[in-house]
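Work through the exercises below with the sequence and the model open beside you, and try each task before you read its solution.

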Amino acid sequence: MTNHSSLWDAGANPLERAQNNAQLEISQWRELAETLMKSQSWRECVGACKSLLQLDPKHHFAQETLATALLQLGEQSQALEAVERLLKLSPRDPLHRLRYATLLQMEGRYGESLRQFERVVAMYPDAPFTPDARDAIETLDRLQTSQILLMASENFDFRWKLERDHRETLHDAGFALSENGLDILRQMVPPVEDDLEDTPPMH
């Protein structure tokens, strides 16, 4: 893709020529990726973004466009990985974190998703998108609470542990509720103090 002849300036040393060559190639791949994105040629766009990232692994536009293209192609898990890398580049970007939280929810990783939405609310309490993040937390609380109650009704050991330590038991089982969600669960499955037994009774 590179037009090498335009780079051989009389006054440029080999290092400068190499740097100019790399920048030109990055610029060309970016332009191609942007064109492919606009035309919704998602498969080709993924290829262009990956080529661009080989030249510049921290290229923000390439990483963001790659995530979009992968999601459009239905490659949900790969899109999630791309957004995770994007967050490492811009950890305080709320829109990237919202996208990450939404993809985690789509993957069924509700506890992790809830924690990411909580981070958005904590970092940007007055932002226009924060009410949506709060709504998502409530939805995830309800989804997980239903799963927890079903699990407690079918698994005696889980319920026994849950009644004695809600927070740790949920963590060990891969759940994560908001504080409000945890309070509601405690009302549904009240805590029990059992000083006589340290292990669940045999059944």
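**Exercise 1.** Which residues does Tyr100 touch, not counting residues up to four places away in sequence?

*Solution.* Begin with the source: this is a predicted model, in which local features need pLDDT of at least 70 and side-chain atom pairs count only at pLDDT 80 or more, while totals for chains, interfaces and linings use all residues. Residues are numbered from 1 along each chain as its sequence is written, and side-chain values use heavy atoms, with hydrogens and water left out. Next, take contact to mean heavy atoms within 4.5 Å. With neighbours up to four places away set aside, Tyr100 touches Leu80, Val83, Glu84, Leu87 and Gln116.

**Exercise 2.** Describe how α3 and α4 are arranged, taking helices as DSSP runs (H or I, at least four residues) numbered from the N terminus.

*Solution.* First, consider the axes, which are lines fitted to C-alpha atoms over the stretch in contact, with angles from 0 to 180 degrees between N-to-C directions. Those of α3 and α4 come within 8 Å and cross at roughly 160 degrees. The two helices are therefore roughly antiparallel to each other, a term that applies to angles over 145 degrees.

Then list the residues that make the contact: α3 provides His60, Gln63, Glu64, Leu66, Ala67, Leu70 and Leu71, whereas α4 provides Gln78, Ala79, Ala82, Val83, Arg85, Leu86 and Leu89. Finally, sort them by class, where Ala, Val, Leu, Ile, Met, Phe, Trp, Tyr, Cys and Pro count as nonpolar, Asp, Glu, Lys and Arg as charged, and the others, Gly among them, as polar. The contact of α3 with α4 has nine nonpolar, three polar and two charged residues.

Technical notes:
Angles under 35 degrees count as roughly parallel, over 145 as roughly antiparallel, 65 to 115 as roughly perpendicular and the rest as oblique.
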